Amino acid sequence: MGRIIEQISITNPLDNDILLTCNAFVDTGAALTVLPSAWKNKLGKLNKISDMDFELGNQEIIKGEIYGPVLIEMEGFRGVYTEIAFIDMHPINGIYEPVIGYTLLELAAA
């Protein structure tokens, strides 16, 4: 089975000068867009919405934090104001793998 990687741009609507661009893995089994906790400060001051437990594909439960709103844009789709999650990720070969969940996909295609 192939992997779909999409470039996304994330803007902090409270400070339009802050922009984070990255490649993210499209995971239709994930609800939210998920970024590594190590990048949280790259988006400046965001509103924390809640803490949340996340179940990974291997059934491991980890803690994460939900922040928002942010503006996420993907090429060919309209921008979406939504929430993002931050979790502790371990880079693979020095590279983090952010995740695009189905919520962003549904909102962008609407």
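Which residue in β2 stands opposite Ile-5? In this predicted model, the residue of β2 that stands opposite Ile-5 is Phe-25, and this pair is a good place to begin reading the strands.

**Confidence in the model**

Averaged over the chain, the pLDDT is 94, and 99% of the residues score at least 70. Confidence is highest in strand β3 (residues 33-36), at a mean of 98, and lowest in helix α1 (residues 102-109), at a mean of 93. As a caution for reading any such model, predicted coordinates should not be read in detail where pLDDT is low.

**How the strands pair**

Strand β1 (residues 5-12) runs antiparallel to strand β2 (residues 15-26), and 8 bridges hold the record of that pairing. The two strands are joined by a hairpin, with 2 residues making the connection. Thr-11 can be followed in two directions, since Leu-19 stands opposite Thr-11 in β2, while in β5 the residue opposite Thr-11 is Leu-71. The pairing of β1 with β5 is also antiparallel, and it rests on 4 bridges.

Strand β5 has a further partner in β4, and these two strands pair in the antiparallel sense over 8 bridges. Within that pairing, Glu-55 stands opposite Ile-61 in β5. A hairpin is formed by β4 and β5, with 5 residues between them.

Strand β2, for its part, pairs with strand β7 (residues 99-100) in the parallel sense. Here the bridge partner of Val-26 is Ile-100 in β7. The table below sets these four pairings side by side.

| Strands | Sense | Bridges |
|---|---|---|
| β1 and β2 | antiparallel | 8 bridges |
| β1 and β5 | antiparallel | 4 bridges |
| β4 and β5 | antiparallel | 8 bridges |
| β2 and β7 | parallel | 2 bridges |

**The nonpolar core**

Which residues touch the most other members of the largest nonpolar core? In this core of 21 residues, they are Ile-8, Ile-10, Leu-35, Leu-43 and Ile-84. At least two residues of the core come from each of β1, β2, β5 (61-74), β6 (80-87) and α1. Strand β2 supplies the largest share, with 5 residues. When the strands are viewed in the structure, it helps to remember that in a regular strand the side chains alternate between the two faces of the sheet.

**The largest pocket**

The largest pocket holds about 740 Å³ of space. It is lined by 24 residues, and those closest to its centre are Glu-55, Leu-56, Gly-57, Ile-87 and Val-99. Sorted by class, the lining has 14 nonpolar, 6 charged and 4 polar residues. Strand β4 (residues 47-55) gives the most to this lining, with 3 residues. Glu-55 therefore appears twice in this account, once among the residues closest to the centre of the pocket and once opposite Ile-61 in the pairing of β4 with β5.**Backbone features that stand out**

Most residues other than glycine have a negative phi, and most peptide bonds are trans. Against that background, Gln-59 is not a glycine, and yet its phi is positive, at about 70°. Gln-59 lies in the loop between β4 and β5, and with a relative accessible area of 54% this residue is exposed, because exposed means over 50%. Asn-93 likewise has a positive phi, near 55°, in a residue other than glycine. The place of Asn-93 is the loop between β6 and β7, and its relative accessibility of 76% counts as exposed.

The peptide bond that leads from Gly-68 to Pro-69 is cis, with an omega near -5°. Pro-69 belongs to strand β5.

**Two distances through the fold**

Thr-82, a residue of strand β6, counts as buried at 12% relative accessibility. Along the chain Thr-82 and Val-70 are 12 residues apart, and their C-alpha atoms are separated by 5.6 Å. Lys-48, a residue of strand β4, is partly exposed, with a relative accessible area of 43%. Along the chain Lys-48 and Tyr-96 are 48 residues apart, and 22 Å separates their C-alpha atoms.

Technical notes
Residues are numbered from 1 along each chain as its sequence is written. This is a predicted model: local features need pLDDT of at least 70, side-chain atom pairs count only at pLDDT 80 or more; totals for chains, interfaces and linings use all residues. Side-chain values use heavy atoms; hydrogens and water are left out. On a 1 Å grid over the protein atoms alone, a cavity is a set of points where a 1.4 Å probe fits but cannot get out, and a pocket is an open set with protein on both sides within 12 Å along at least five of seven lines; lining residues have an atom within 4 Å of a point. Grid points are joined across faces, edges and corners, and a volume is the space filled by probe spheres set on the points. Ala, Val, Leu, Ile, Met, Phe, Trp, Tyr, Cys and Pro count as nonpolar, Asp, Glu, Lys and Arg as charged, and the others, Gly among them, as polar. pLDDT is the predictor's confidence in each residue, from 0 to 100. Two strands pair if DSSP finds at least two bridges between them. A nonpolar core is a set of buried Ala, Val, Leu, Ile, Met, Phe, Trp, Tyr and Cys residues joined through side-chain atoms within 4.5 Å. Buried means under 20% relative accessible area, exposed over 50%, partly exposed in between (1.4 Å probe, protein chains only).
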